[in-house]
Amino acid sequence: MGTIAAALQAVQGRICAACAEAGRDPREVRLLAVSKTFPAAAIREAWAAGQRAFGESYVQEALAKQRELADLPIEWHYIGPLQSNKTRPVAAHFAWVHGVDRPDLAERLARQRPPHLPPLEVCVQVNVGGEASKRGVPPADALALARFVAQLPRLRLRGFMTIPPPSRDVPTQRAHFRTLARLLAAARAAGLAVDTLSMGMSQDLEAAIAEGATLVRIGTAIFGER
Ligand SMILES: *Cc1c(COP(=O)(O)O)cnc(C)c1O
C-alpha cells in the first residue's frame, strides 16, 4: 500500500474510534482530504485509495490541479479565505464553499453560480475563539448570516464551519467545537434545513467528532507536513 493510502486508512481508523467513543455512527462523519500545496499526483493517489472529496485553499493552485485531474469526478471544496475578486472562479469550479463570512460574498456567489450547475453548498464560517487574526463572523452574528444565505438563489446553506484557536488541551478544543454545535441546533430550531458541522483538523478531529462534527478537514495526517 502507498503512503497516502496507508495514511487515509489510519485517519479513517481515528474517525471510527472517535465515533465509537462518542456513540456515533461513522457514516455521519465525512472525510474531506485537504490537498492544498500538494501536487495533482498526490490527489490521484488518494482517489485511487477511495477518497472522493478534496479541499483546496488557493484559487489559482486549485484550478491548475482541477485541469490536470479533469478525468476524475472529484467533489471540490473551497476552504480558503474568500476575497470578493475571487468569488467568480470559486462559484464556477467548486461544489462547496466553507468560508462565507460576509453577506456581500454570499450575494456575489449566488449571482455568479452558473445556472447549469447544482446549487453551491455553503457553510458560514464562525470565529469561535474571537481571534483578531481569524476570519469568520462572531457567534452572535452567525444565525443572521445563515438566514441571509438560506434565502439566496443558487446557494444551499448546509451549516457552519470553524477553525478554532490552536490548543493541545482537549477540554478547550471541545468547548470551541461546542459553540459551533450550539449554533447548528439554534439554526435548526429557527427552521433552517442545516445538517453540516465542518470542524476538526489533523490535531483535533477526535474533539470535533465528540462534539458532533459531520465533516472533518484533514490535510497533514493524509499528505504529510506542508
Ligand atoms: C489547511 C487546512 C486544513 C487542514 O489542516 P491540517 O492540520 O493539515 O489537517 C483544514 N481546514 C482549513 C480551513 C485549512 O486551511
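In the predicted model, a total of 14 salt bridges was counted. Side chains of opposite charge can pair when their charged atoms come close. One such salt bridge joins the side chains of Glu 75 and Arg 30, with an N to O distance of 2.9 Å. This pair connects distant parts of the chain, as Glu 75 belongs to strand S3 (residues 75-78) and Arg 30 to strand S1 (residues 30-34), the two residues being 45 residues apart.

The ligand was found to occupy the largest pocket. Its surroundings comprise 13 residues, of which Lys 36, Ser 202, Gly 219, Thr 220 and Arg 226 are the closest. By residue class, this shell consists of six nonpolar, four polar and three charged residues.

Oxygen atoms of the ligand are approached by both side-chain and backbone atoms of the protein. For Ser 202, a polar side-chain atom is placed 2.5 Å from a ligand oxygen. Thr 220 likewise contributes a polar side-chain atom, at 2.5 Å from an oxygen atom of the ligand. At Gly 219, by contrast, the approach is made by a backbone N or O atom, which lies 2.8 Å from an oxygen atom of the ligand. Of the 390 Å² of accessible area that the ligand has on its own, 89% is covered by the protein.

How values were computed: Residues numbered from 1 in each chain as written. Predicted model: local features only at pLDDT ≥ 70, side-chain atom pairs only at ≥ 80, totals over all residues. Heavy atoms only, no water. Near = heavy atom within 4 Å. Polar contact = N/O pair within 3.5 Å; in protein donor to acceptor, adjacent residues only side chain to side chain. Areas by Shrake-Rupley, 256 points an atom, 1.4 Å probe, with all protein chains shown as cover. 1 Å grid on protein atoms, 1.4 Å probe; cavity = no way out; pocket = protein on both sides within 12 Å on 5 of 7 lines; lining within 4 Å. Sits in = over half its atoms within 2 Å of the grid points. Nonpolar A, V, L, I, M, F, W, Y, C, P; charged D, E, K, R; others polar. Salt bridge = Lys/Arg side-chain N within 4 Å of Asp/Glu carboxyl O. Helix = DSSP H or I, 4+ residues; strand = E, 2+ residues; numbered from the N terminus.
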